[in-house]
Amino acid sequence: MFASIGSHGSVRGLVVRSEPPTGHDSRAGAWLVWTLDPANSPDLMKALAPHWRRPAADVAWVGEGWRHLVEECHRKVSARFPDYELLNIKQKYGVLAFLASPRPWSRGTSTWTDEALELEQIIREYTRRSESTCEYCGAAGELRDSRTMHLTLCDRCEARFSDPPRPGQD
Ligand SMILES: [Zn+2]
């Protein structure tokens, strides 16, 4: 459940959730999910807009440190698959998950095609790069898997954010 949605000032998109993610320690209380959204990434959201499977989303559930990865991934995917369909962009187990299909879905089409494999190969490069890129600031980072919510962070952001990150820390 979203307690509030917005962006602080002109930069950091964030969503404050009152409930922890599934499987997360429920004692954690309110925590943060970083987002790319129309407030902090207007050009990117405009570029992604035609690709969302209906209903269209206007948010990518990753921090601004990964904006360039999402932008590059989108550019590369759309160069090969101009009408690719976007299902979700999020952080999963601390790394970028760019969930897409090569063409708009229609009933009866197989999802296990050569094109789907090719798409996966394009996306994989950006997932791999996210493994060493701080999700918050974009500096060199590493997976912090001792956290209850896995995040890829640089040393500075690792020291800065509690586990999980809380409102008011960014
Ligand atoms: Zn950082």
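**Exercise 1. Find which residues valine 70 is in contact with, leaving aside its neighbours within four places in sequence.**

Start with the cut-off: two residues are in contact if their C-beta atoms, placed from the backbone, lie within 7 Å. Next, skip the neighbours within four places; what's left for valine 70 is Leu36, Leu44, Ala60, Val62 and Ile89. Before going on, note that this is a predicted model, where local features need pLDDT of at least 70, side-chain atom pairs count only at pLDDT 80 or more, and totals for chains, interfaces and linings use all residues. Residues are numbered from 1 along each chain as its sequence is written.

**Exercise 2. Place Val70 in the largest nonpolar core.**

Such a core is a set of buried Ala, Val, Leu, Ile, Met, Phe, Trp, Tyr and Cys residues joined through C-beta atoms within 7 Å. "Buried" takes 20 or more other C-beta atoms within 10 Å of a residue's own, "exposed" takes 12 or fewer, and "partly exposed" is in between, with C-beta atoms placed from the backbone. The largest core has 30 residues, and Val70 is among those with the most contacts inside it, along with Val62 and Leu96. Strand 3 (31-35), helix 2, strand 4, strand 5, helix 3 and strand 7 (151-153) each supply at least two residues of this core.

**Exercise 3. Work out which residues of helix 2 are buried and which are exposed.**

Helices (H or I, at least four residues) and strands (E, at least two) are DSSP runs, numbered from the N terminus. Now go through helix 2: Leu69, Val70, Cys73, His74 and Val77 are buried. These sit on the same side of helix 2 because they cover an arc of only 130° around the axis, taken from the directions from the helix axis to the C-beta atoms. Flip to the other side of helix 2, and Arg75 and Ala79 are exposed. Last step, the partners: the buried residues pack against helix 1 (42-48), strand 4 (85-92), strand 5 (95-101) and helix 3 (114-130).

**Exercise 4. Decide where confidence is lowest and where it is highest in the protein.**

The yardstick is pLDDT, the predictor's confidence in each residue, from 0 to 100. Overall, the mean is 84, and 82% of residues reach 70 or more. By element, strand 1 (residues 2-7) is lowest at a mean of 34, while helix 2 is highest at 98. Then check the weak stretches: pLDDT stays under 50 over residues 1-13, and likewise over residues 18-27. Where pLDDT is low, the predicted coordinates shouldn't be read in detail.
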